[in-house]
Amino acid sequence: YYSQSVEWDDCDGGFECADVDVPLDYADPSGASIEIALLRATATDPDGRIGTLFVNPGGPGSPGTTYATGADRIVSPEVRAAYDVVGFDPRGVGRSTPVECLSDAELDEALTTGDSTPDSPAEVDALVAGVTEFADACQAMSPDLLPHVGTVDVARDLDILRAVVGDDSLHFLGKSYATSIGIEYLRQFPERAGRVVLDGLVDPSLTAEEFALGQAGGFELALSRFADWCVQAGCALGQTPEDVVAVVDEVLVAAEESPLPTSSRPLTEGLAFYGVVFPLYFPSGQGYPALERALSSALNGDGTDLLVLADAYLQREPDGSYPTNQWEVISAVSCLDRPSEATPEDVEALLPAFREASPTFGEALAWGVLGCTDWPVQSDGLPAPVDAPQAPPVLVLGTTGDPATPYEWAVAVAGQLDTATLVTFEGTSHLAYRKGSTCVDDAVDAYLLDGSVPEDETRCA
């Protein structure tokens, strides 16, 4: 596998594409193989080329090949000149031997129906039944692949990719969940790591319950930042931040009691949840104004704008199709990385802590912990802090108001990883690099271009 040659072919947009073989099961490398899809945007200054920068946007389940088509946007022109930017679909994702569980129609039903905040035994039973049906479908459709899509195996694939493109060291830009890929690579191959940027950290020591609780707090913080903006901007949702948050609660409760009408299909509670959360990832630009308009319309009984936001979050096309398999992959990877055997009784016990962390989103995220309870594949690992004392200097980026990967996780990983340098972005967006801070961008670029590391605990506005 390490000695195979990569055959790059031209693909749409002036990029180059290839497939690389890796073992399905690293415990049996002479057995079946699977393919990992790559897309390359070659360095714009070949004479000054440093090497390959592997990039991945996270998910789990977001296709890195699609992400790399935005190479001109996701890195600076200087980095773009110096590196071949290569995106990869991790095993099970997109064009890399994808996990399959449900048809588009079945996935649509799973994502848009059901009660994510059950408050009766019958509703709890229905939620558990839906989780079990999904797990059974994944096992039926992808029985051989399902045990082998965890991040431990993805990191091993990444080392093969590093070797076959001809690089002695791995240069990597991982965002959100993809920081887990970078962390796992550092754990397994510290001596082969080069310049590694981890943006929007996922703390590898967290259990499934701790992960969900952290996200609950992150989304509640992001909602409070939106409420502050809304009041300062003179929006129509209320005169105090508390008024604005109360509107969000009112809309979610109304959608649970009776789905809101739209110009297409009804807006259920689950869809309303996605519609509220999505703009919190992108506060600058149109994120906050779009959420304000959608909530105003929902208060008047029209869920159309919130549905548009929910579909954007879910990547659902107007015809009901889903161009990626992200929503199957999220469970398939998460249940291997952070296994959980939580029962409904366990969740009931967790609810007070989740409600305290997030009165708005806590219950839904707490009940989401059940997603791995009946997973058909047993994980052979447990969450643990990263231990990579031989790793080279690593750049860790954390955003103080990040809704999905709370800042505390970046601080935790920087403390676990002896060679990490933490750069703090005083912002409200998900992620930090290329989000409008010259300070952050300069620090990342200097590190990627010449290996220089900023002062530890650098803070950027």
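Leu 309 is in contact (heavy atoms within 4.5 Å) with Gly 275, Phe 278, Pro 279, Ala 290, Leu 291 and Ala 294, leaving aside neighbours within four places in sequence. The model is predicted: local features need pLDDT of at least 70 and side-chain atom pairs count only at pLDDT 80 or more, while totals for chains, interfaces and linings use all residues. Residues are numbered from 1 along each chain as its sequence is written, and side-chain values use heavy atoms, with hydrogens and water left out.

Leu 309 lies in helix 12 (residues 304-314); helices (H or I, at least four residues) and strands (E, at least two) are DSSP runs numbered from the N terminus. With 12% relative accessibility, Leu 309 counts as buried. Buried means under 20% relative accessible area, exposed over 50%, and partly exposed in between, with a 1.4 Å probe and protein chains only. The C-alpha atom of Leu 309 is 7.6 Å from that of Val 276, a residue 33 places away along the chain.

Val 276 also takes part in a helix pair. Helix 9 (residues 241-257) and helix 10 (residues 269-280) have axes that come within 8 Å and cross at roughly 155°, which makes helix 9 roughly antiparallel to helix 10. Helix 9 contributes Val 248, Leu 252, Ala 255 and Glu 256 to the contact, and helix 10 contributes Glu 269, Ala 272, Phe 273 and Val 276. By class, these residues are 6 nonpolar, no polar and 2 charged. Here Ala, Val, Leu, Ile, Met, Phe, Trp, Tyr, Cys and Pro count as nonpolar, Asp, Glu, Lys and Arg as charged, and the others, Gly among them, as polar.

A second pair is formed by helix 8 (residues 208-232) and helix 14 (residues 344-357), whose axes come within 8 Å and cross at roughly 25°. Helix 8 is thus roughly parallel to helix 14. Axes are lines fitted to C-alpha atoms, for helices over the stretch in contact, and angles run from 0 to 180 degrees between N-to-C directions; those under 35 degrees count as roughly parallel, over 145 as roughly antiparallel, 65 to 115 as roughly perpendicular and the rest as oblique. Glu 209, Ala 212, Leu 213, Ala 216, Gly 217 and Glu 220 of helix 8 meet Leu 350, Ala 353, Phe 354 and Ala 357 of helix 14. This contact has 7 nonpolar, 1 polar and 2 charged residues.

Two helices have end-to-end distances that agree with the expected span, 1.5 Å times one less than the number of residues.

| Helix | Residues | Expected span | End C-alpha distance |
|---|---|---|---|
| Helix 13 (326-337) | 12 residues | 16 Å | 16 Å |
| Helix 17 (438-450) | 13 residues | 18 Å | 18 Å |

In helix 13, 9 of the 12 residues are buried, including Trp 327, Val 333 and Leu 336. Helix 4 (104-112), helix 5 (121-141), helix 6 (151-164) and helix 12 are among the elements covering these buried residues. The buried residues of helix 17 include Val 440, Tyr 447 and Leu 448. Just after helix 17, Gly 451 takes a positive phi of about 80°.

Val 22 is in strand 2 (residues 15-23) and counts as buried at 0% relative accessibility. Beyond residues up to four places away in sequence, Val 22 touches Tyr 1, Ser 33, Ile 34, Ile 36, Arg 91, Asp 157 and Ile 160.
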